[in-house]
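Please look over the structure shown here together with the report that accompanies it.

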Amino acid sequence: MPVAASAIYFLNLRGDVLINRLYRDDVGGNMVDAFRVHIMQTKELGTCPVRQIGGCSFFYMRISNVYIVIVVSSNANVACAFKFVVEAVMLFKSYFGGAFDEDAIRNNFVLIYELLDEIMDFGYPQNLSPEILKLYITQEGVRSPFSSKVADKPVPNATLQVTGAVGWRREGLVYKKNEVFLDIVESVNLLMSSKGSVLRCDVTGKILMKCFLSGMPDLKLGLNDKIGLEKESQLKSRPAKSGKTIELDDVTFHQCVNLTRFNSEKTVSFVPPDGEFELMKYRITEGVNLPFRVLPTIKELGRTRMEVNVKVKSVFGAKMFALGVVVKIPVPKQTAKTSFQVTSGRAKYNPSIDCLVWKIRKFPGQTEPTLSAEVELISTINEKKSWTRPPIQMEFQVPMFTASGLRVRFLKVWEKSGYNTVEWVRYITKAGSYEIRC
């Protein structure tokens, strides 16, 4: 936090202080009374989690039957304060066997005081990683009788992780087979007009990794992003290779990524955590490859009949296929009877959502299945308003396809022992909000 926290309080629902820790002397010890009188007793707890009273700011959050209150005397980063609270609660739960409530706090006063001294120094947040803190705070908390979680065993050799730059990975890991699994998972968000023009389109993606590597490996990931390829060609003093490049927006990385190297070389270099983690997230707004085109035609024949014709065209390659394709076509509430004719999959009327639901288990690429339906409506006297047509919605999952065009150019693993690794890369595109007006 730019300005440090002055104190932290743990209160029950009645406002009684369960435990507290003063980190600075710029606030009085009676500040919790101001919180209790001006916020808790006035029933304003649910209005805003940030309040200012008497020149001090109160950031509070309710977890189970406990209120956690952070007091600061000056302007501070609110998001950082709440992130600290959330991670602190996760730390306490790891010691208490998954429980965090008033009873857990009363049963673990000594341990909580010790943890509060470690995770915040003079009001500034420090290391909150349970894996690291358990290496040198080995005291076990009084666990809830309802918790079935097995206590984590402390791991030796904590010096590097506590003082070094790699706090998310412990030393001494050994695997019989060294493997890296990388998944690029994208969600396509689309709003298309009835005439086929794109009104809104973007892709949100994330790169998920699962690493089973011995030692302390250094990984380097290369993507076909435009900035990275241009920087690589400059460093190697040769023209960039031809091929599709993409521009990544709103990129966020896991803490293991070397940001200094990324800013200078535009390469994603990192020492990975052990097991599964999310390496990065991104968004793309230009050059999106839509996996499907939907061409709907809905005709209202008087007040008692409708004709629905929908053609769905898969734009991806003929050797690829989509799984779990669902097309939801809205119909009026007064639908009485429906009849279908489909060239692929199955269709039925679902009255609970007022939609014709068309399901195709396996959808090959470069195909155009169609649905034709006749809908009979109940004629009502009071129905004077014209039917407002909601958009058609789609659900799908396309393996080995990315709507953004993002591709992994290389994934290099280096470790001082020089062992061989096996890398697995997979692409998956799913439907986010995929809507077509009709």
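The report goes from the whole chain to one sheet and then to a single residue.

The model is a predicted one, and its protein has eight helices and 23 strands. Of the 438 residues, 42% count as buried, while the accessible surface comes to about 23300 Å², with 50% of that area belonging to carbon and sulfur atoms. Among contacts between residues at least 6 apart in sequence, 70% join residues that are at least 24 apart.

One open sheet consists of four strands in the order β14-β15-β20-β17, and the pairing in this sheet is antiparallel. Because β14 and β17 each have a single partner strand, they stand at the edges, and one side of each is left without a neighbour in the sheet. On average, and with direction ignored, neighbouring strands of this sheet are turned by 15° against each other. The pairing of β17 with β20 is antiparallel and extends over seven bridges, and within it Lys 337 stands opposite Glu 376 of β20.

The residue ranges of three strands named in this report are as follows.

| Strand | Residues |
|---|---|
| β14 | residues 292-301 |
| β17 | residues 335-342 |
| β20 | residues 370-377 |

Elsewhere in the chain, Asn 20 lies in strand β2, which covers residues 17-22. With a relative accessible area of 26%, Asn 20 is partly exposed, because buried residues are those under 20% and exposed ones those over 50%. Leaving aside neighbours within four places in sequence, Asn 20 is in contact with Ile 8, Tyr 9 and Tyr 113. Tyr 113 is 93 residues from Asn 20 along the chain, and the C-alpha atoms of the two are separated by 8.5 Å.

Terms used: Residues numbered from 1 in each chain as written. Predicted model: local features only at pLDDT ≥ 70, side-chain atom pairs only at ≥ 80, totals over all residues. Heavy atoms only, no water. Helix = DSSP H or I, 4+ residues; strand = E, 2+ residues; numbered from the N terminus. Buried < 20%, exposed > 50% of the residue type's maximum accessible area, 1.4 Å probe, protein only. Contact = heavy atoms within 4.5 Å. Areas by Shrake-Rupley, 256 points an atom, 1.4 Å probe, with all protein chains shown as cover. Pairing = 2+ DSSP bridges. Axes fitted to C-alpha atoms, helices over the stretch in contact; angles between N-to-C directions.
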